[in-house]
Amino acid sequence: MSIINVDETKCVGCNACVRVCPAPEANVARMDERGFLRITINDDKCIKCGACIRACSHGARSFRDDIDQFLADLEAKKELAVIAAPAIKISFDGNWRHALQWLRNQGVSKIYDVAFGADICTWAHLRYLEKNPGKKLISQPCPAVVNYVVRHKPELIPHLSPVHSPMACIAIYMRKVLGYKGKIAALSPCIAKIDEFADIGFIDYNVTMEHLWDYFREKNIELPKVKIYSEFEFDDHQGLEGSIYSKPGGLMKNLLIHEPELSVLTSEGTDHLYHDLDTYLDQEPEWLPVVFDVLNCGNGCNGGPATGVNYHRFEMNHIMHSVERYTRKVRKQNTTKKGVDKQFAEFDKTLRLEDFLRVYHSKKVESKEISDADIEKVFHDLGKDTYVEQHFDCHSCGFKSCRDMAEAIAKGINEKENCHEYMMKMVGEERCKVAEIHQQVLAMNQELMEVFGELSSNIGKVREQADSIHTYGAKSSDEMQKVAAHMNELNLLSHKIVEAMGNINESVGKYNIMTQDVEKIAGKINLLSLNAAIEAARAGEAGKGFAVVATNIRELSASSKQSVGSARENDEGIHAAIEDVNVVIDKFDETIGDLLKAVDEAIVGTNNTSDNSEQIKNSMEQVARMAAKVQTVIQGTNQILN
């Protein structure tokens, strides 16, 4: 399990972690499935310095320690002891004694001062140098420095001080001198201590001050907020000058108290220390100090990544100055009139130097070998073909130089998209493409405007033709209503014609009867004329016969007159009936004419409707063609944009 964890949902790929990391290969930059840069950790190459946690303003990085297991074992009433680093005076300031007293109240059996272990550490360094004259040492109280050496610069191992750290020294003292058998928890300001404890095996838990603070807040455990008296005191011995080990140059000050002429040089902070370590072996041997006192954190262990506070260096110095004044006072009490250090004299009597020395082993994970040709290929892929481009060194990728970034890309632990200059070129090229596409889109938009203009025009025509169809349809409906009205009139005229023809037929029948009567009368007249002729021939009794004939002729004459009168009356009736028929026929003709005219108009309207329908069809076909053209233009635009 990784000690430093990354919440990828919060990581924004800002490279702040890469920028501050002393071991750049510990950070691996990858593009996720959505195209966002995410930076994860290679735990085998991470030195646990904690610089990335402080540099991450997005809260994407956190660390793990052993507090949960420690609290569980404490609740289970296991035998536990705590060793407290001097930085507790910074982390808990005025109530650090109350914090330790709370632990004691929870069942911690012993609590020891790591400052006493620091005094042992100083003693062991001096005695080791006495036995190894000419030896040049790099101090190792800082486990992040040890991790860097064994994982990234194992060639420095011969110079790495074999003396254990103050925490390890107090733990060894507890076990080998005091005979303590229980578990030991270190209350520390350091994340990397977990690796040291795993390597040396004397300490069981790394309980960071920050996570202890978090626990107090989570459980609403209130500690006094002002400096007041506490009954707490460390078990066994309290440290002297070791109390200032957590300050920058703390080891150096302790050494110079006992050996003022000793050559000691300090280096603190990730900005300078690791560059100094990288160049250490390149220096002339006589230039190297006897002790190179190094700390990962710029403000020493007091500014450790797990103190849980972020005091300014002035405030930290104020707190530690009072501690230093107190230790100087106690030191005087522990020095004889002859200048003999009582504490060191006791160490010489009771301690074995060999118990406080350790051996280091390389843990270097080999990296992919990169050739100049590999670098040149990466530069070419990045579009960096000139000297200026290859030495732009803007640091936005997190690396100190473009070459370092190119090497990381060649090793497969970074992406070319993480290069600012490369992305700027890509943006420039994309901008040109966008400008070109913009012009094409503008042209297509113009074409679309024209097409839509034509489309709107055709739609207007279709609307007009539809309105015309509606008008013609309404007119045709009116015309057909007229036709229906004329047909009703024809129906009435037809009835009248039938009635008139009946009258004519009746008059003609009467006329036939009168004609027959006239024919009968004529027959009788002919007969009478014949009889009269016969009688005239006899010349006899002429008078009597003619008298009868005359009578009959008068009757026939009267009958003929009557018949002629009836015939005349019938003739007038016939004429009147025929006149009626003629009127009806004239009206019929007129109605037929109107009907034909209405039908003609209906036919014209229907033809117009048909013509408009054809025009609508043609317009809709044009609309369909224009829609297809619009679709083609849109598809072309999509292809350009894609």
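User: Is Cys 419 buried or exposed?
Analyst: This is a predicted model. In it, Cys 419 counts as buried, because its relative accessibility is 7%.

User: How many disulfides does the structure hold?
Analyst: Zero. Cys 419 is in no disulfide. Its nearest cysteine sulfur belongs to Cys 402, 6.2 Å away. A disulfide needs the two sulfurs within 2.5 Å.

User: And Cys 52, which cysteine sulfur is nearest to that one?
Analyst: That of Cys 46, at 6.2 Å. Cys 52 is in no disulfide either.

User: Buried or exposed, Cys 52?
Analyst: Buried, because Cys 52 has 8% relative accessibility. The cut-off for buried is under 20%.

User: Switching to the cores. Which residues touch the most other members in the largest nonpolar core?
Analyst: Phe 70, Ile 83, Phe 92 and Leu 100. That core has 71 residues.

User: Which helix gives the most to this core?
Analyst: Helix 6, residues 114-131. Ten of its residues belong to the core.

User: What does Ile 83 touch?
Analyst: Leaving aside residues up to four places away in sequence, Ile 83 touches Tyr 112, Val 114, Met 167, Ile 170 and Met 174. Also on its list are Ile 184, Ala 185, Ala 186, Leu 187 and Ile 203.

User: Back to Cys 52. Which residues does the second core include?
Analyst: Cys 52 is one of them, along with Ile 39, Val 146 and Ala 406. This core is separate and has 62 residues.

User: New topic, strand 11. Why is it largely enclosed by the rest of the structure?
Analyst: Because five of its five residues, 291-295, are buried.

User: Which residues sit on which side?
Analyst: Val 291, Asp 293 and Leu 295 are on one side. Phe 292 and Val 294 are on the other. Both faces are covered. In general, side chains in a regular strand alternate between the two faces of the sheet.

User: How many bridges join strand 10 to strand 11?
Analyst: Five, and the two strands run parallel. Strand 10 covers residues 264-268. Its Glu 268 stands opposite Leu 295 of strand 11.

User: What does the chain pass through from strand 10 to strand 11?
Analyst: Helix 12, residues 273-279. This β-α-β crossover is right-handed.

User: And strand 7, how many bridges join it to strand 11?
Analyst: Two, again with the strands parallel. Strand 7 is residues 137-138. Ile 138 has Phe 292 as its bridge partner in strand 11.

How values were computed. Residues numbered from 1 in each chain as written. Predicted model: local features only at pLDDT ≥ 70, side-chain atom pairs only at ≥ 80, totals over all residues. Heavy atoms only, no water. Buried < 20%, exposed > 50% of the residue type's maximum accessible area, 1.4 Å probe, protein only. Core = buried A, V, L, I, M, F, W, Y, C linked by side-chain atoms within 4.5 Å. Helix = DSSP H or I, 4+ residues; strand = E, 2+ residues; numbered from the N terminus. Contact = heavy atoms within 4.5 Å. Pairing = 2+ DSSP bridges. Right-handed = clockwise from strand over helix to strand, strands pointing away.
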